Amino acid sequence: MGMYFRVTIGHAESLTIISIGIIKAQDVGAHRKKVYGRQPTVEEELWKRAIWHLIAMDRLGSVLIGRPCCSRDEE
């Protein structure tokens, strides 16, 4: 939904939806590294890809309109 709003007239709303997605992904721990030495599951890999995609969209959108990023480097 954030990608759709980004190319329509609702660009500001897309950043809100992306921010909500980042917060929800952080709630489930998608931004944390898993235990070493074991094979990651498909679900963990999909969460990892989703969080990185959301972070990239957040950074790019923030740069374009001059708004602060939702995600921080420490996390």
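The expected span of a helix is taken here as 1.5 Å times one less than its number of residues, and helices themselves are DSSP runs of H or I with at least four residues, strands being runs of E with at least two, numbered from the N terminus. The model on screen is predicted, so that local features need pLDDT of at least 70 and side-chain atom pairs count only at pLDDT 80 or more, while totals for chains, interfaces and linings use all residues. Residues are numbered from 1 along each chain as its sequence is written, and side-chain values use heavy atoms, with hydrogens and water left out.

Start with the whole protein chain, which has three helices and zero strands, and whose C-alpha atoms fill a box of roughly 45 × 25 × 15 Å along the principal axes. Of its 75 residues, 27% are buried, where buried means under 20% relative accessible area, exposed means over 50%, and partly exposed lies in between, with a 1.4 Å probe and protein chains only.

Next, select residues 42-65, helix H3. H3 has 24 residues and reaches 35 Å from its first C-alpha to its last, close to the 34 Å expected at 1.5 Å a residue. Colour Ile51, Leu54, Ile55, Met57, Asp58, Gly61 and Ser62, the buried residues of H3, and then add helix H1 (2-7) and helix H2 (11-27), which are included in what covers them.

Now zoom in on Ser62, which counts as buried because its relative accessibility is 4%. A polar atom of the Ser62 side chain lies 2.7 Å from the backbone oxygen of Asp58. Leaving aside residues up to four places away in sequence, Ser62 touches Leu15, Arg67, Pro68 and Cys69, a contact being heavy atoms within 4.5 Å.

Which residue of H3 should be selected for the surface view? Take Leu60, found in helix H3, which counts as partly exposed because its relative accessibility is 47%. Together with Leu64 and Ile65, Leu60 makes a nonpolar surface patch of about 300 Å². Patches are made of residues with over 30% relative accessible area and no salt bridge, like charges being joined within 9 Å and nonpolar side chains (Val, Leu, Ile, Met, Phe, Trp, Tyr) within 5 Å; a salt bridge is a side-chain nitrogen of Lys or Arg within 4 Å of a carboxyl oxygen of Asp or Glu. Areas come from the Shrake-Rupley method with a 1.4 Å probe, and for residues only the protein chains shown count as cover.

Finish at Gly66, just after H3, where phi is positive at about 80°.

How values were computed. A polar contact is a pair of N or O atoms within 3.5 Å; within protein, one must be able to donate a hydrogen and the other to accept it, and residues adjacent in sequence count only if both atoms are side-chain atoms.
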